[in-house]
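Reader: Hi! Could you take me through a close look at one helix in this model, and then follow it outwards to whatever it leads to?

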There are 2 protein chains.
Amino acid sequence: MNIRQLIEKTRSYRRFDSKFEITTETLVSLVDLARLSASGANRQPLKYILVNSPELRKEVYPCLSWAGYLTTWEGPDPSERPTAYIIVLGDKEISDTFGVDHGIAAQSIMLGATEAGLGGCIIASVKKEKLRSLLEIPLQYDVLMVLALGKPVEKVVLENIQKNDVKYWRDEKQVHHVPKRPLEEIILRS
Amino acid sequence: MNIRQLIEKTRSYRRFDSKFEITTETLVSLVDLARLSASGANRQPLKYILVNSPELRKEVYPCLSWAGYLTTWEGPDPSERPTAYIIVLGDKEISDTFGVDHGIAAQSIMLGATEAGLGGCIIASVKKEKLRSLLEIPLQYDVLMVLALGKPVEKVVLENIQKNDVKYWRDEKQVHHVPKRPLEEIILRS
C-alpha cells in the first residue's frame, strides 16, 4: 500500500471482532512508530500504557465515549468491543504543553495498525479521572487520549459533504458514512 | 516502503536543494492526504494556504524560526531554503479548538512528502501576525503551524538518548543527530 491507500484505509472504526486478540508485541511495535515520529523541540514528552488483557480492557471501556453523532447508539456491544487500548499520556515533568505531538503519534500508530490488519479510533472524550484511578496514573501525567484498537468488523465509506453537515451516520446495513469537505473548500489559496 | 520505513525516513529536515521546485499539484496531493485523515468529531476545521512561488516563499521564510538547539545556526542559507510551504490554519467559524487535528494532518503530509522524495519540517515557532499580514489571512483563521518542504540535502540520524539530553546536534560533517528516548522509557506499563 502506498501512503494514500494506507490513509484512505485508516478510518475511525468503532466495531471490532472481540475474539481477535492483539499481542503486547504488536502494541509495542505501534508505540515504536510514535517514538520514531517528530516531536516538538524533540522533547518527547509522551508516555504510553498498553492494555490488552480481557480483565483490564473491560474496565477501560466504560471510561470512553463513543460516536457522539450516533445518538441512539451507546457504543459497541460486548461482542464488538476493542481488544486493546493504547493510553497516551503527557509527562508534565518533561513539558507543560504537548503541542501537536500526540496528534502526530496517534496518526503514526493508527497507520501502523491499518498496515497490521487492525483498526481503531482516536478517542479524546475520556473520563480521565476515572481512567487515572483505574490505572493508577500518577499526577505527573496528563491523560491526553486513548487509542482503541481491534480487528474492525464494520464498513466505513467516505463521501462528499452535503450542506456543510459533518455528522457521520449509519445506513440500514450498518455501513458507516463519513462526509468529507472537498479540496476546494479547505485550500484557501494556492 | 512499509510504514515503519516511511516513518524512519520522515525526519525533520532543515536544509534543502533550493533549485528543486515543488509543483502546486504535489502540494495539493499532500493536503489531500490530510483531508482524508481523521478529524475530531469529523468537524474538519483545518484550512490550508500553499506557497511555492519564489517571490512569496522569500517573504514567508523570515516568519519562521529554525532549530532552536542549534544556537550558532540562524537557519538555512539562501541556497538551502525550503521551496514550498503549507500553512495550516484553524477555522474558528467551524471550531474553537483544533484538538489533535493539525498533528494528524501534519504527519499525513510529512509522510506523503517522504514518499514523494521530499522532506521538511513542522514549524510551530512562527511569527504569526507577520505571516497573517503577509498572506492577508482573515482573523477567522488561527495560524496553527507551517510545514516547510523541499528536497532535503542533509543527513539526519537517530540515536539513543544520553543523560536525558534531548538536544539534537550537528557534527563536523554537518550530519544532524537526533537523540530518541528508548521504548523502555516511554512505555510505563504493558
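**Helix α5 of chain A and what surrounds it**

Author: Happy to. The buried residues of α5(A) are covered by parts of both chains: the cover includes β1 (46-51), α3 (54-60), β2 (84-91) and β4 (141-150) of chain A, together with β8 (187-189) of chain B. Please keep in mind that this is a predicted model.

Now the helix itself. α5 spans residues 128-135 of chain A, and its buried residues are A:Leu131, A:Arg132 and A:Leu135. They lie on the same side of α5(A), because they cover an arc of only 105° around the axis. An α-helix has 3.6 residues a turn, so residues three or four places apart point the same way. On the face turned away from the buried side sit the exposed residues A:Glu129 and A:Ser133.

Just after the helix comes A:Glu136, in the loop between α5 and β4 of chain A. Its phi is near 50°, a positive value in a residue other than glycine. A:Glu136 counts as exposed, because its relative accessibility is 68%. Elsewhere in chain A there is another such residue: A:Gln174, with phi near 65°. A:Gln174 belongs to the loop between β6 (169-170) and β7 (176-180), and is partly exposed, with a relative accessible area of 37%.

Since chain B helps to cover α5(A), let's follow the path to the interface. Chain A and chain B each bring 60 residues to the contact. The area buried between them is about 5,400 Å², with carbon and sulfur atoms giving 61% of that. On the side of chain A, the residues that lose the most area to chain B are A:Arg35, A:Leu36 and A:Arg189, together 13% of what that side buries.

Polar links are found here too. Across the interface, 35 residue pairs are in polar contact. At least two residues of the touching side of chain A come from each of α1, α2, β1, α4 (101-115), β4, β7, α6 (183-186) and β8 (187-189). α4(A) gives the largest share, 8 residues. By class, that side has 35 nonpolar, 13 polar and 12 charged residues.

Which charged pairs might interest you here? Side chains of opposite charge can pair when their charged atoms come close. Between chain A and chain B the count is 2 salt bridges, while the structure holds 22 over all chains. A:Arg4 forms a salt bridge with B:Asp32, with the closest N and O atoms 2.6 Å apart. B:Asp32 also meets B:Arg35 in a salt bridge, again at 2.6 Å from N to O. B:Arg35 and B:Asp32 both lie in helix α2 (residues 24-35) of chain B, 3 residues apart, about one turn of the helix. B:Asp32 counts as buried at 8% relative accessibility, and B:Arg35 counts as buried at 17%. A:Arg4, A:Glu8, B:Asp32 and B:Arg35 are linked in a network of salt bridges.

For a further pair within chain B, look at B:Glu185 and B:Arg181, whose closest N and O atoms are 2.9 Å apart. In this salt bridge B:Arg181 is buried, at 2% relative accessibility, whereas B:Glu185 is partly exposed, at 28%.

Technical notes:
Residues numbered from 1 in each chain as written. Chains lettered and ligands numbered in written order. Predicted model: local features only at pLDDT ≥ 70, side-chain atom pairs only at ≥ 80, totals over all residues. Heavy atoms only, no water. Buried < 20%, exposed > 50% of the residue type's maximum accessible area, 1.4 Å probe, protein only. Helix = DSSP H or I, 4+ residues; strand = E, 2+ residues; numbered from the N terminus. Arc of directions from axis to C-beta. Contact = heavy atoms within 4.5 Å. Buried area = accessible area lost by both parts, 1.4 Å probe. Salt bridge = Lys/Arg side-chain N within 4 Å of Asp/Glu carboxyl O. Polar contact = N/O pair within 3.5 Å; in protein donor to acceptor, adjacent residues only side chain to side chain. Nonpolar A, V, L, I, M, F, W, Y, C, P; charged D, E, K, R; others polar.
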